[in-house]
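Please open the structure in a viewer and keep the selection tool at hand. The tour below proceeds from one selection to the next and describes what is found at each stop.

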Amino acid sequence: METASNGTPASYDALIVGAGFAGLYQLHLLRDRLGLKTRVLEAADGVGGTWYWNRYPGARCDSESHSYRYFFSRELHDSWDYSERYPGQEEIRAYLNHVADHLDLRRDIQLETRVAAAAFDEKTNLWTVTTKAGERLTCRWLITAVGCLSSANVPDIPGLETFKGEWRHTGRWPHEGVDFAGKRVGQVGTGSTGIQAAPVIAETAKTLTVFQRTANYSVPARNHPLSPERKRELTERFEEIRDLVRSTPNAHPFRISADKAAEQDAETLAQRYEKAWEIGGLRFRAVFGDLLVDKGANDTAATFLKGKIREIVKDPATAAVLSNIDHPYAAKRPPIDTNYFDTFNKPHVAVIDVRADPIKRIVPEGIELESGKVHELDVIVFATGFDAMTGPLLAIDFEGVGGRRLKDDWAAGPRTWMGVAVPGYPNLFTVTGPGSPSVLANMIVPIEQHVEWIADCIETMRAEGVERIEAEPAAAEAWMGHVNDAANATLLPEAGHSWYLGANVPGKPRVFMPYAGGMVRFREICDAVSAAGYAGFARN
Ligand code: N01
């Protein structure tokens with residue numbers, strides 16, 4: 001560890017917080033392309049970011065594996081094969097470890113180092129970063145690569161501390177796993193995570209009780225191993241796939257149809273949806289171009305998907321609870337699954353509607369509902385999501401210009417310029433920060449774009465002798481207005497309880513956080529900003 005023995009903080013050109021997809025690539029660019037003295041600070045004892053922490057049963061990426069990988073290097077690309085249509089958690093973690101080795105990144109990654117605070121010094125234009133262990137380091141450029149979904153949201157349900165059994169949050173899963181055999185398991189949450197976890201937990205648990213507050217759509221993933229021919233084909237089509245993911249609004253390797261559901265007759269709708277259901281995965285959302293902007297069009301998809309739930313789930317009362325969905329399809333992040341609804345046909349699996357009968361408290365024996373009914377449990381799994389986008393940033397005590405604090409500046413919601421820069425916090429770059437398309441896209445593509453844009457910006461500043469660059473308040477103000485307008489042009493805000501709006505965390509300001517204008521448009525805006533000499537930034 002490189003801390004000067006006289007107590008002076010070790011100094012770097014750049015510090016990066018986080019060693020997931022974003023942090024690894026940012027290190028590579030700043031160190032190997034720009035030649036900066038760079039260090040990554042990572043809380044975990046290994047690289048991988050979200051894929052380090054999320055080891056829950058069934059954890060798998062919903063992006064198809066040939067698009068869930070870096071595209072910046074053909075050589076790196078060709079050095080790795082995924083084995084399935086959707087990569088599992090362990091395989092993605094192995095991929096990121098491979099990347100760390102392939103690019104010789106490890107020597108500049110400091111593990112088991114959680115950043116607690118960062119303060120900007122206006123006299124020197126340097127950041128001082130303080131770790132939880134009390135180590136201090138300084139840098140000119142500070143880049144957060146902390147992920148959007150890394151702050152676990154364990155609901156504040158009274159009595160949790162009295163529970164006699166074991167409880168876990170999916171985003172903080174123990175490395176040794178959890179043994180469900182012979183156990184009565186309760187799972188709270190039916191988002192993408194819960195929908196992946198329940199079928200796997202049900203394979204070994206004695207009983208599985210799913211506590212559902214909001215019923216959810218899901219489309220079969222139709223995961224399968226990739227044949228050697230398919231792997232070869234995907235490797236050969238590198239350029240085509242790279243260009244495709246960079247040219248679609250949500251960065252997936254397929255185009256969104258220009259056809260409108262609202263203009264089809266019933267027979268065509270049924271045929272197209274049935275075919276998309278058979279193909280499976282997030283491609284279902286792309287079957288028509290108006291599903292996210294026209295409520296009538298969306299209703300046709302919603303009706304089809306609710307019908308599928310009633311077809312699969314044999315008990316009509318269970319089917320009614322699972323299909324009682326209150327929001328448009330894909331207004332919340334649409335899950336994809338392997339046998340989710342079918343799992344409820346197993347005699348030892350049940351769903352409890354906790355909107356009708358809410359969770360009152362946790363008691364030593366299990367979960368008690370408002371009605372007084374107690375569900376006795378040995379294990380509780382919280383698949384309750386994250387304090388998304390702002391949570392990981394606000395977990396660091398940022399002190400900007402004039403002693404201002406990020407937690408105060410964002411008390412009414414985040415304010416960024418393009419998701420990557422915050423007024424009042426010079427030389428700080430936030431990869432996939434609030435106001436970026438990030439979570440509305442296949443994450444790797446926005447991550448690569450952000451990381452490259454940040455590296456280009458730092459390179460330009462250094463070439464021009466600029467020591468300090470800072471987003472202008474007016475630019476951030478206008479951007480947040482644009483983010484809001486982009487969301488309001490879609491049906492996304494209609495899911496009033498979504499984490500996109502911060503609605504899953506009590507007391508969090510209701511602000512639509514990701515940029516819904518699409519990755520293609522976002523890239524154009526970022527490019528225009530840099531081409532105009534970093535418009536919306538003050539520098540000196
Ligand atoms: O979390 P969520 P997640 N009592 O917030 C419920 C990504 N992801 O971990 O909807 C009872 O979506 C909550 O209910 P409600 C993906 O972007 C990616 O599932 O708030 N229930 C909801 O059902 C995803 O969107 C992959 O009413 C409570 C659930 O918990 C994001 O991660 C795979 C509750 C939380 O759903 C988050 O997904 C998996 C309470 N007190 C996830 N509090 C990939 O493929 C919360 N809930 C890459």
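The stops below concern the ligand, a pocket, two cavities and a single strand residue, in a model that is predicted.

**First stop: the ligand**

Begin by selecting the ligand together with the residues around it. There are 23 such residues, and those that come nearest are Asp62, Thr193, Arg213, Thr214 and Lys332. Next, display the polar atoms of three residues in turn. At Asp62, the atom to find belongs to the backbone: an N or O atom there lies 2.5 Å from an oxygen atom of the ligand. At Lys332, the side chain should be shown instead, as one of its N or O atoms is 2.5 Å from a ligand oxygen. At Trp499, a polar atom of the side chain lies 2.9 Å from an oxygen atom of the ligand. Taken on its own, the ligand has 920 Å² of accessible area, of which the protein covers 88%.

Colouring the shell by residue class gives a further view of this site: nine of its residues are nonpolar, nine are polar and five are charged. Which helix gives the most to the shell around the ligand? Select residues 192-204, which form helix α5; three residues of the shell come from this helix.

**Second stop: the second largest pocket**

Keep helix α5 selected, for α5 also gives the most to the lining of the second largest pocket, this time with five residues. The volume of this pocket is about 340 Å³. To locate its centre, select Gln196, Pro199, Val200, Asp337 and Thr338, which are the closest to that point among the 21 lining residues. Then add β11 (336-337) and α11 (340-343) to the view; like α5, each supplies at least two residues of the lining. By class, the lining of this pocket comprises eight nonpolar, seven polar and six charged residues.

**Third stop: the largest cavity**

The tour now turns to cavities. How many cavities of 30 Å³ or more are counted? The count is four. The largest of these has a volume of about 80 Å³. Its lining may be displayed by selecting Ser65, His66, Arg69, His77, Trp80, Asp81, Tyr82, Leu226, Lys231, Leu234 and Thr235. Helix α6, residues 228-236, accounts for the largest share of this lining, with three residues. The classes represented are four nonpolar, four polar and three charged residues.

**Fourth stop: the second largest cavity**

Proceed to the second largest cavity, whose volume is about 40 Å³. Its lining includes Ala421, Val422, Tyr425, Pro426 and Phe537. Two strands should be highlighted here, β18 (428-430) and β19 (469-471), as each supplies at least two lining residues. Strand β19 provides the largest share, namely three residues. Coloured by class, this lining shows nine nonpolar residues, one polar and one charged.

**Final stop: Asp353**

Finally, select strand β12, residues 349-353, in which Asp353 is placed. Is Asp353 buried, partly exposed or exposed? Its relative accessibility is 23%, and Asp353 therefore counts as partly exposed, given that this class lies between the limits of 20% and 50%. To close the tour, draw a distance between the C-alpha atoms of Asp353 and Ser79: the two are 274 residues apart along the chain, and these atoms are separated by 47 Å.

Technical notes: Residues numbered from 1 in each chain as written. Predicted model: local features only at pLDDT ≥ 70, side-chain atom pairs only at ≥ 80, totals over all residues. Heavy atoms only, no water. Near = heavy atom within 4 Å. Polar contact = N/O pair within 3.5 Å; in protein donor to acceptor, adjacent residues only side chain to side chain. Areas by Shrake-Rupley, 256 points an atom, 1.4 Å probe, with all protein chains shown as cover. Helix = DSSP H or I, 4+ residues; strand = E, 2+ residues; numbered from the N terminus. Nonpolar A, V, L, I, M, F, W, Y, C, P; charged D, E, K, R; others polar. 1 Å grid on protein atoms, 1.4 Å probe; cavity = no way out; pocket = protein on both sides within 12 Å on 5 of 7 lines; lining within 4 Å. Points joined across faces, edges and corners; volume = space filled by probe spheres on them. Buried < 20%, exposed > 50% of the residue type's maximum accessible area, 1.4 Å probe, protein only.
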